[in-house]
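Subject: Structure handover

Hello,

Here is the structure I promised to pass on. Please open it beside this email and follow along.

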Amino acid sequence: YLIEGIRTGAADLDDDGAITVDELHEFASRKVQEESPAMNPQIIVLKQEGYQIRIANVSIGDPKVKYRKEVEAIVLENEGEIDELMDRPYLNELRKSLEIEPETAFAIELEVLEPIWQRNVKMGKYREMFSQAVKRRYPLSERDRQKLQRFQKVLGLRDEDALEMESLIIEAVGSASAVSTVEAENPLSLAENLSTSPVQQPAEDDLQSERGMDYTPLREMLKAGKWKEADKETTRVMCAVMGRQQEGRLSSEDAENFPCADLRTIDRLWVKYSNGKFGFSVQKQIYVETGNPLDGKYYEEKFERFGDRVGWRMKEQWISPSNVTFDISSLKGHLPSRAYRWVLFSRAETCGL
């Protein structure tokens, strides 16, 4: 991030055409904390004047630097994202006024968002480790706790980040482990738990996976109607199936080759626990109804009609992730919310969804 601040000119925080030591430190510190919130970079100089040493010059008026700074400000204001409804029209007009090509603007946005994506990847890694630990033994032993804290520290995650993820996993998976303990200690209590707990019937769903993926957490989240958590879990498991944990998203090639057994399992769970309102097969049907052919190609106008039908577009603009409605009252096909591209619907047809 030190290099990035110099290379792009983004570390010239006061727009005076020069990057000083303190500006570079401030820029790099913010980027580091976006990726690893628990890290707290420090700077020590021997004399006060050391902060003002000039590191590099920046071309004043560079349109790419101006565009990047606007993107940085928006992402900071929105706590890590670009609002497609409220920010995208402004950025589009700004890009045109600065005479920046769309591909260049897109590359700048990707670089600005990169540390946030990296943080999400790290949170996914911690979530996976905690999930496996809870399924193996719950309550966790003191040794397990120490190992988790060690992993959390090396990932640069704060305690509150870890606790938020842990609470979701404990509710979804930990309660199932707790039932095993109840059964061993008091068989009579098990009957009561089976009649009241939604976690107690693991055999009722086919959780088949060609890659050995465990879909139990996803099932329990959907059972409990935790649509937002289930949406994030869907993204996580799909990336894990294709070995895309680092990227945190699928490519078109990944979608074309996604294992059918896993795609059917994820779809069945969404369809079942939403009473037929959500799921890939539901989305695929709407996709076809809005005139989109299942050939793996993108047709902008037709895909926009699909987005209008499922509530991914409002007032002719694509909504941002923060505007997704994680509720059963949302439009049919609204969830899962991640736009897994038109390619995935073609794959859904191949897999018989």
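Below is what was found, from the whole chain down to single residues.

**Overall**

First, a caution: this is a predicted model. The protein chain has 15 helices and four strands. It holds 353 residues, and 44% of them are buried. Take the contacts in the chain with a separation of 6 or more: 64% of these join residues 24 or more positions apart.

**Helix α3 and its two partners**

Start at α3, which spans residues 63-77. Two helix pairs involve α3.

The first partner is α2, residues 21-35. The axes of α2 and α3 lie 13 Å apart, and the packing angle is about 45°. An angle of about 45° is neither under 35 degrees nor in the 65 to 115 range, so α2 is oblique to α3. The crossing of α2 past α3 is left-handed. On the α2 side, the contact uses Phe27, Arg30 and Lys31. On the α3 side, it uses Arg68, Glu72 and Leu76. By type, this contact has four charged residues, two nonpolar and no polar.

The second partner is α4, residues 88-97. Here the axes of α3 and α4 come within 11 Å, and they cross at roughly 170°. That angle is over 145 degrees, so α3 and α4 are roughly antiparallel. From α3 come Lys66, Tyr67, Glu70, Val71 and Ile74. They meet Arg88, Tyr90, Leu91, Leu94 and Arg95 of α4. This contact counts six nonpolar residues, four charged and no polar.

Look along α3 as you compare the two contacts. An α-helix has 3.6 residues a turn, so residues three or four places apart point the same way. Arg68, Glu72 and Leu76 serve the contact with α2. Lys66, Tyr67, Glu70, Val71 and Ile74 serve the one with α4.

**A covered helix: α13**

Next, go to α13, residues 280-289. This helix is mostly covered, with seven of its ten residues buried. The buried ones are Phe280, Ser281, Val282, Gln283, Lys284, Ile286 and Tyr287. Note that Lys284 and Gln283 are on that list. Gly291 follows α13, and its phi is positive, near 90°.

**Two buried side chains to look at**

Which residues does Arg236 contact beyond its neighbours within four places in sequence? They are Gly124, Arg127 and Glu128. Arg236 itself sits in α10, residues 227-241. Its relative accessibility is 15%, under the 20% cut-off, so Arg236 counts as buried. Its side chain also makes a polar contact with the side chain of Glu233, at 2.8 Å.

Gln152 belongs to α6, residues 142-155. Buried or exposed? Gln152 is buried, at 8% relative accessibility. A polar atom of the Gln152 side chain lies 3.1 Å from the backbone oxygen of Leu157. Leaving out residues up to four places away in sequence, Gln152 touches Tyr126, Leu157, Arg158, Asp159 and Ala162.

**Loops with backbone features**

Two cis peptide bonds are worth a look.

- Tyr138 to Pro139 is cis, with omega near 5°. Pro139 is in the loop between α5 and α6.
- Leu335 to Pro336 is cis, with omega near -5°. Pro336 is in the loop between β4 (317-318) and α15 (341-350).

Two residues other than glycine have a positive phi.

- Glu99 has a phi of about 60°. This residue is in the loop between α4 and α5. Its relative accessibility is 72%, over the 50% cut-off, so Glu99 counts as exposed.
- Asn275 has a phi near 55°. Its loop runs between α12 (260-273) and α13. Asn275 is exposed too, with a relative accessible area of 73%.

**Where to begin**

If time is short, begin with α3 and its contacts with α2 and α4. Then turn to Arg236 in α10 and Gln152 in α6. Finish with the loops that hold Pro139, Pro336, Glu99 and Asn275.

Best wishes

Technical notes
Residues are numbered from 1 along each chain as its sequence is written. This is a predicted model: local features need pLDDT of at least 70, side-chain atom pairs count only at pLDDT 80 or more; totals for chains, interfaces and linings use all residues. Side-chain values use heavy atoms; hydrogens and water are left out. Buried means under 20% relative accessible area, exposed over 50%, partly exposed in between (1.4 Å probe, protein chains only). A polar contact is a pair of N or O atoms within 3.5 Å; within protein, one must be able to donate a hydrogen and the other to accept it, and residues adjacent in sequence count only if both atoms are side-chain atoms. Contact means heavy atoms within 4.5 Å. Axes are lines fitted to C-alpha atoms, for helices over the stretch in contact, and angles run from 0 to 180 degrees between N-to-C directions. A crossing is left-handed if the near helix is turned anticlockwise from the far one by less than a right angle, and right-handed if clockwise. Ala, Val, Leu, Ile, Met, Phe, Trp, Tyr, Cys and Pro count as nonpolar, Asp, Glu, Lys and Arg as charged, and the others, Gly among them, as polar.
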